[in-house]
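Here's a quick briefing to read with the structure open beside you. Take it one topic at a time and find each residue as you go.

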Amino acid sequence: MQSDKGYSAQVIALICGLIVIVLMLLTLTSTDWLLSAGWRQGLFSHCIAVNAPTPLPFNVPDNGPDCYPTREVGYIRVAAALCIVTLVTDIVATLLTGLGLRSKDQRTKYKFYRVAVYVMLLALLSLLIALIVYPVCFAAELNLGNRTVWEFGWAYGVGWGAGIFLFGAVVLLLCNKESEEIYYKERKVTSTA
């Protein structure tokens, strides 16, 4: 039987995966990715404050203070799609990690962890691409912004936090994968003797 110390890395990876789910839900639902003088932009909507100076950024019509569907811009859609991919793949990887923890068979446990690592790597890659594409493409359209001061909001920072937790989960599963292999090989050798 594997010691409790061997399971601690997978348990922490599972907790990291759960934290990423919460952080990605916050990131996806917020309108605070990009902020400037009465303007907030998220991945799915933008909001105009009551006393927002005009003209509005990106030549958006002034329909009054409220939230509206986001602009039809490719990089926002790509970032949103990649963040959704991150959320879905992290849910799958966290589920696989949980199934690996629950499994009693070492071969099955190892397979769950190995697939979870690959799926978490896909989630991490998707998130990193989204977090890099968004500001780079925004900088390209900055001259349409009609504002001099822009800030990335807390939701964008939460996305980076999710990336850190995803990276931690991947490292924990990768580091403990070797000890799983060693344990399984030792058990196999001793059982044939």
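**A salt bridge to start with**

The side chains of Arg 71 and Glu 141 come together in a salt bridge, with 2.8 Å from N to O. Arg 71 sits in the loop between β4 and α2, while Glu 141 sits in the loop between α3 and β5, so this pair ties together parts that are 70 residues apart in sequence. Both Arg 71 and Glu 141 are buried. Keep in mind that this is a predicted model.

**The other salt bridges**

- Searching the whole structure turns up three salt bridges.
- One of them links the side chains of Arg 40 and Asp 32, at 3.8 Å from N to O.
- The two ends of that bridge sit in different classes: Arg 40 is partly exposed, with a relative accessible area of 33%, whereas Asp 32 is buried, at 13%.
- Another salt bridge brings together the side chains of Glu 72 and Arg 77, at 2.0 Å from N to O.
- Is Glu 72 buried or exposed? Glu 72 is exposed, because its relative accessible area is 63% and the cut-off for exposed is over 50%.

**The overall layout**

- You can count four helices and five strands in the chain.
- Walking along from the N terminus, you meet the elements in the order α-β-β-β-β-α-α-β-α.
- The chain has 193 residues, and buried ones make up 47% of them.
- Take the contacts between residues at least 6 apart in sequence: 72% of these join residues at least 24 apart.
- On the outside, the chain exposes about 10,100 Å², and carbon and sulfur atoms supply 69% of that area.

**The sheet**

- The five strands make an open sheet in the order β4-β3-β2-β1-β5, and the pairing is antiparallel.
- At the edges you'll find β4 (66–69) and β5 (151–152), each of which pairs on one side only.
- Strand β1 (residues 34–36) runs antiparallel to β5, and two bridges join them.
- Which residue in β5 is the bridge partner of Leu 35? Look for Glu 151.

**The nonpolar core**

- In soluble globular proteins, nonpolar side chains tend to be buried together.
- Here, the largest nonpolar core has 48 residues, and Trp 33, Leu 43, Cys 83 and Tyr 134 have the most contacts inside it.
- Helices α1 (4–29), α2, α3 (106–140) and α4 (154–192) each supply at least two residues of this core.
- Which helix gives the most to this core? That's α3, with 12 residues.
- Tyr 134 is a good one to click on: leaving aside neighbours within four places in sequence, Tyr 134 is in contact with Trp 33, Leu 34, Gln 41, Leu 43, Tyr 75, Ile 76, Ala 79 and Phe 152.

**A nonpolar patch on the surface**

- Phe 44, Ile 84, Val 88 and Val 92 form a nonpolar patch on the surface, and together they have about 330 Å² of accessible area.
- One member of the patch, Ile 84, belongs to helix α2 (residues 74–102).
- Ile 84 counts as partly exposed because its relative accessible area is 37%, which lies between the 20% and 50% cut-offs.

Methods. Residues are numbered from 1 along each chain as its sequence is written. This is a predicted model: local features need pLDDT of at least 70, side-chain atom pairs count only at pLDDT 80 or more; totals for chains, interfaces and linings use all residues. Side-chain values use heavy atoms; hydrogens and water are left out. Two strands pair if DSSP finds at least two bridges between them. Patches are made of residues with over 30% relative accessible area and no salt bridge: like charges are joined within 9 Å, nonpolar side chains (Val, Leu, Ile, Met, Phe, Trp, Tyr) within 5 Å. Accessible areas come from the Shrake-Rupley method with a 1.4 Å probe; for residues, only the protein chains shown count as cover. A salt bridge is a side-chain nitrogen of Lys or Arg within 4 Å of a carboxyl oxygen of Asp or Glu. Buried means under 20% relative accessible area, exposed over 50%, partly exposed in between (1.4 Å probe, protein chains only). Contact means heavy atoms within 4.5 Å. A nonpolar core is a set of buried Ala, Val, Leu, Ile, Met, Phe, Trp, Tyr and Cys residues joined through side-chain atoms within 4.5 Å.
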